[in-house]
Every structure is written in C-alpha cells, then in structure tokens.
Amino acid sequence: MTDRTMLKERFVKWVLITFALSSLLFLFLIFVFILAEGLPLFLKVGLKKIIFGFKWAPTKGYFGIFPMIVSSFLVTFGALVIGAPLGLSCAIYLSEYSGKKTKMFLKPALELLAGIPSVVYGFLGVIYIVPLVRNYLGGSGFSLISTSLILGVMILPTIISISFDAITTVPKTYREASAAMGATKWQTIYKVILPSAKSGILASFILGMGRAIGETMAVIMIAGNALKIPTSILDPLRTLTGNIALELAYATGDHRLGLFSTGIVLMVIIMALNYLANFGIKRKPAK
Amino acid sequence: MRVNPRIINQAVRVGLSAQALFTVSILVVIVAIICVKGFPYIDFAFIFSFPEDMGRHGGIFPSIVGTIQLALLSILLATPLGVGTAIFLTEYTRESAFTKLIRFGVESLAGIPSILYGLFGFIFFVIKLKMGWSLLAGVLTLTIMILPTIIRTSEEAIRAVPRQLRIVSYSLSASKWETIKKVVLPAAMPGILTGIMLSIGRAVGETAAVIFTMGSSLRLPLSLMDSGRTMAVHFYILAREGISMEKAYGTALVLVLSILLINVVAYYLMNKAIARYS
C-alpha cells in the first residue's frame with residue numbers, strides 16, 4: 001500500500017469511530033439536558049412530594065405526579081391484558097401453523113400496524129371506541145378501558161415480532177423429538193416450544209409495556225386527561241406522557257421544570273423495563 | 001373426562017387462525033375507514049393548495065412540503081452517521097467493551113419514547129441553542145430518533161455479506177476502505193435501504209417529537225429556521241381542536257397512504273436483501 005492509501009485508511013477509521021461515538025454523545029446529551037432541567041425541582045420540592053404527591057397544580061407549587069404514575073401503569077397493564085394473548089397467538093400461528101404463502105403476506109401486514117401513526121390510532125379511538133364505550137358501558141367514554149384497547153392494538157406488532165423470533169429460534173430437534181413421542185402439534189407447542197421460548201416471550205411483553213407506557217399522542221386524545229387516580233375502568237385518566245405533551249407548549253418557569261421532572265420519572269421507568277427485557281432476550285435458549 | 005388430544009389440536013388451530021385473522025382485519029379496517037371517509041375530500045386542489053382559516057378550508061400543501069423536508073433532511077443526516085456506525089461495528093473492531101458501550105448507546109436511544117425526544121429537542125435545540133421552533137430543530141431531533149433503526153438494519157445487512165466477497169477483494173490488493181466502498185456496501189445496499197425507508201416512514205408519522213421542535217406554523221417553511229407543520233401534526237391539530245372533520249379525514253388518507261407505500265417499498269427491499277444471500 002502506498003502512503004497515501006495508508007493515510008486515507010487511517011482517516012476513514014477515525015471518521016467512523018467518531019460517527020459510532022455520536023450515538024453515545026446523543027444519549028449523553030438527552031440524559032444531561034432532561035436531568036439538568038428536572039432534577040433541581042426534585043431538590044427544591046422534595047422527591048416524596050413529587051412522586052407520592054397527589055396534587056398537580058404547578059402554578060401554585062404542587063407537583064404531585066403519583067396519580068399519573070399509577071395511571072400510566074394502569075393503561076399499560078390494560079394494554080398488556082389485551083395485547084399479550086392476542087399477540088402471542090399471532091406469533092404462534094405465524095411460526096407454527098401458517099403456510100409459507102400465508103406467512104409471506106401475514107407477517108408484513110401485521111408489521112404495518114406499527115407504521116400507522118399514533119395520531120391516527122387516537123383519532124379512530126375518539127371516533128369509534130369512545131362513543132362505543134359511552135353508549136354501552138357508560139361514563140364519558142374517555143376512559144381507562146378505551147385507552148387500554150387502543151394501546152393493546154398498538155403494542156401488537158412489538159409483541160408479535162419479538163415472540164415470533166423467540167419461538168422460531170427453538171431448535172428443530174425439540175419439535176422432532178416431541179413429535180416422535182407421539183405428541184400432537186399443540187402438545188408440542190404447549191409443553192416444549194413455549195417453555196423454551198419463555199424468556200423471549202416475556203421480553204416481548206415487557207417491550208410492549210415500554211411501548212405502551214411511552215405512547216403519547218393516541219393517549220392524550222382518548223384518555224380524558226383527568227388529574228385523578230381512576231377508580232373504575234370507565235374513569236378518565238392522565239398519564240406521565242400525556243402530562244408532558246399537554247402542557248409543554250405553554251409552560252414556563254417551575255411549571256416547565258415540573259414537566260421535565262415528569263420526564264425523568266418516565267425515563268427511569270422505561271430504562272428499568274428495557275433492562276428487564278434485555279435480560280430476557282440475552283439468555284439464550286438451552287442447548 | 002379426557003378429551004382426545006387431536007380434537008384439542010384442531011380446536012387450537014382454528015382458534016389461533018381466527019385470532020391472526022382478527023388482528024390482520026384490524027389493519028384492514030383502519031385502512032378501509034381512512035380510505036372511505038377520506039377519499040371524497042381529496043383532489044388535486046387539496047394536495048396543491050394552501051390551507052385557509054386554520055385549515056378549515058383549502059388544502060394541505062405546506063404540510064406535505066414540511067413533511068418531505070423534515071423526513072429527507074433527517075435521513076440525509078442520519079444515514080451517514082448510522083451506516084458509518086454500522087461499518088465501524090462490523091468491519092473495524094472485534095466485540096469488546098468499547099463496542100458493547102456503543103451498542104448500549106444505540107439500544108438505549110431505540111428505547112426512548114418519542115415524547116422524551118420532543119422534551120429533549122425542545123430544551124436543547126429550541127431553547128438552549130436558540131433555534132426556536134424551526135425545521136432545523138425538528139430535523140436534528142428526528143435525526144437522533146431514527147439513528148438506531150438505521151444502525152441496526154445496516155449492521156444486519158453488512159453482517160449478511162459473505163466473507164468470501166471481502167477475501168476476493170483483498171486478494172485483488174484492494175484496501176479495507178476500497179473493499180467496503182466497492183464490495184461490501186453495494187452488496188448490503190437493499191438491507192441498508194430497508195432501514196432508510198422504515199426510518200422515513202417513522203419520521204412521516206411522528207407527532208410528539210415534531211410538534212415541540214418544529215412547531216406548528218401553517219406557513220411553508222422556506223428556510224431551516226422557519227417553523228412548519230408536518231401532515232401528522234396538521235392532522236392532530238385538525239382532529240383535536242375539531243377544526244374540520246372533512247379536512248382531518250383527507251389529511252389522514254394522504255398520511256396513511258404515504259406511510260403504507262413507504263413501508264411496502266421497505267418490505268420489498270427487505271425480501272430482496274434476504275433473497276440475496278440465502
């Protein structure tokens with residue numbers, strides 16, 4: 001190699017290292033700037049009064065987000081109740097039952113659900129789900145159950161694709177051994193495949209939770225955004241994400257800082273969920 | 001009573017196919033509703049004229065332009081960064097603490113919900129760097145948001161390129177970078193393009209991260225420092241503030257069809273990429 005190519009090679013390598021480091025830099029910036037805005041309020045008002053406080057009236061000095069934390073978990077749990085069984089069934093059907101042609105059509109179609117923008121989910125929720133709940137179950141319709149229904153659909157693609165991957169990585173020999181013992185297909189799935197794909201399937205549920213808890217636009221359109229802990233599935237609620245999105249555009253001073261504190265709490269929850277999910281994905285199925 | 005396992009087996013098969021069918025029908029129903037309700041309201045004028053009276057009348061031209069500007073500029077920034085990172089991770093290092101750290105960064109970015117990107121973009125680009133609500137702030141925020149998708153898909157595509165191709169290139173005395181540029185990247189191109197298309201789709205449909213960075217001005221953004229409104233943001237405002245249901249459905253149709261088209265192209269490219277080396 002000539003000196004010139006050597007020089008060029010070295011230059012390229014350093015450029016690429018810089019590019020690779022950019023992701024870390026961005027992550028660092030996001031952390032630092034959200035923390036820098038949100039932490040001072042924790043110190044000023046007190047961690048306990050924010051996380052366990054019931055009253056959110058930021059212009060009067062009340063920054064309690066406990067109802068929103070509870071609400072975020074409630075809708076996420078509701079979404080999981082709807083999305084997890086349906087998503088897992090789809091994943092099993094795709095990997096074990098569908099023919100090659102069906103799969104070629106079905107898998108992309110299911111992934112397209114992820115492409116529908118969340119504002120469109122929210123809009124359709126307001127037009128179709130909210131009146132349905134209002135007329136048949138009661139309340140205003142802007143409720144825990146409407147939000148959970150929409151979020152349940154929104155997390156399907158995540159659950160389907162990750163559990164599908166987990167199920168398809170179960171070695172073929174397992175299936176063959178089970179079939180050789182005279183087990184039916186369902187017995188094989190139920191007793192052999194699902195247990196060995198367990199950690200991946202759990203990870204898909206946790207990542208689905210992460211998606212649901214971070215979802216914003218659809219939620220603020222359907223949830224009703226009331227500042228109380230819902231006592232029934234027909235009550236409106238406000239999530240952490242909703243709190244930020246509803247007020248960020250006009251908040252100033254401590255009020256704005258309060259939204260960043262909300263962001264910190266959201267960030268911590270998401271990080272914990274991602275950590276749990278990675279734990280599930282990284283444990284390889286037993287050889 | 002013990003039920004014959006074969007009967008259970010059949011019942012499960014029926015049950016599972018019904019659920020898969022149900023799930024696909026959700027997609028079909030969503031698209032059908034948007035098409036049927038939106039179709040009467042879109043025509044040439046709707047696409048190419050300016051909105052009047054907050055969007056109550058007229059078209060959505062500025063928001064279409066705003067969407068294209070935002071998506072293309074973000075891709076323009078994120079692609080070299082993302083593909084470069086992928087090349088570094090696959091071709092220039094072995095797995096080490098350093099690559100683990102970078103991967104941790106990428107995974108973490110991928111997990112951050114869009115509202116936190118909005119929060120960050122708002123405080124960092126809009127306020128601290130004094131960009132104001134602007135196309136530039138939106139572009140920079142979305143660049144960071146779509147970066148993980150581009151890195152992951154490019155990395156997979158580059159890894160799938162067979163080793164033999166590289167060895168042949170080296171044996172012809174090509175340098176490492178020449179090999180990457182002339183052999184590896186062209187071979188990995190369909191996979192890389194898949195990631196780019198998926199990212200464009202994500203940028204087009206994004207609202208939470210855009211509305212707090214690019215703002216929601218109804219004017220046509222003519223410079224990087226102008227605020228603007230994407231189709232998704234326009235649709236959100238029309239629907240949420242009840243400005244016009246007709247215009248909301250029309251906008252939703254253009255929005256959803258563009259995203260579906262972009263995603264279908266992405267899957268086509270993905271199939272091409274998979275077919276190439278298997």
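## Two helical chains and their contact

Let's start at one spot on the contact: A:K185, A:W186 and A:Q187 in α9(A) meet B:P5, B:I8, B:N9 and B:V12 in α1(B). By class, the residues of this contact of α9(A) with α1(B) are four nonpolar, two polar and one charged. Keep in mind that this is a predicted model.

How do the two helices lie? Helix α9 of chain A covers residues 185-196, and its axis comes within 8 Å of that of α1(B), with a crossing at roughly 80 degrees. Angles of 65 to 115 degrees count as roughly perpendicular, so α9(A) is roughly perpendicular to α1(B).

**The wider contact**

Zooming out, the contact draws 63 residues from chain B and 64 residues from chain A. On the chain B side, the elements that give two or more residues include α1 (5-38), α3 (61-92), α6 (135-159), α8 (176-205) and α11 (245-276). Which of the elements gives the largest share of the side of chain B that touches chain A? That would be α1(B), with 16 residues. As for chemistry, that side of chain B has 44 nonpolar residues, 15 polar ones and four charged ones.

**The chains on their own**

Here are the basics for each chain.

| Chain | Secondary structure | C-alpha box along the principal axes | Buried residues |
|---|---|---|---|
| Chain A | 13 helices, two strands | roughly 75 × 70 × 35 Å | 50% of the 287 residues |
| Chain B | eleven helices, two strands | roughly 70 × 65 × 35 Å | 50% of the 278 residues |

In chain B the order of elements, read from the N terminus, is α-α-β-β-α-α-α-α-α-α-α-α-α. If you like contact maps, take the contacts in chain B with a separation of 6 or more: residues 24 or more positions apart account for 75% of them. For chain A, 73% of the contacts between residues at least 6 apart in sequence join residues at least 24 apart.

**A helix pair inside chain B**

Two of the helices that give residues to the contact with chain A, α3 and α8 of chain B, also pack against each other: the axes of α3(B) and α8(B) come within 9 Å and cross at roughly 140 degrees. Roughly antiparallel needs an angle over 145 degrees, and α3(B) and α8(B) are therefore oblique to each other. Their crossing is right-handed.

Which residues do the touching in this pair? From α3(B) come B:T67, B:L70, B:A71, B:S74, B:I75, B:A78, B:T79, B:V83, B:I87 and B:E91, and they meet B:I180, B:I192, B:I196, B:S199, B:I200, B:A203 and B:V204 in α8(B). The residues of the contact of α3(B) with α8(B) come to twelve nonpolar, four polar and one charged.

**A helix of chain A**

Finally, look at α10 of chain A, residues 198-214. Is α10(A) largely enclosed or open? Of its 17 residues, 14 are buried, so α10(A) is largely enclosed by the rest of the structure. The length of α10(A) checks out too: at 1.5 Å a residue, the 17 residues should span 24 Å, and the end C-alpha atoms are 24 Å apart, which agrees.

Key:
Residues numbered from 1 in each chain as written. Chains lettered and ligands numbered in written order. Predicted model: local features only at pLDDT ≥ 70, side-chain atom pairs only at ≥ 80, totals over all residues. Contact = placed C-beta atoms within 7 Å. Helix = DSSP H or I, 4+ residues; strand = E, 2+ residues; numbered from the N terminus. Nonpolar A, V, L, I, M, F, W, Y, C, P; charged D, E, K, R; others polar. Buried ≥ 20, exposed ≤ 12 C-beta atoms within 10 Å, placed from the backbone. Axes fitted to C-alpha atoms, helices over the stretch in contact; angles between N-to-C directions. Parallel < 35°, antiparallel > 145°, perpendicular 65-115°, else oblique. Expected span 1.5 Å × (residues − 1). Left-handed = near helix turned anticlockwise from the far one by under 90°.
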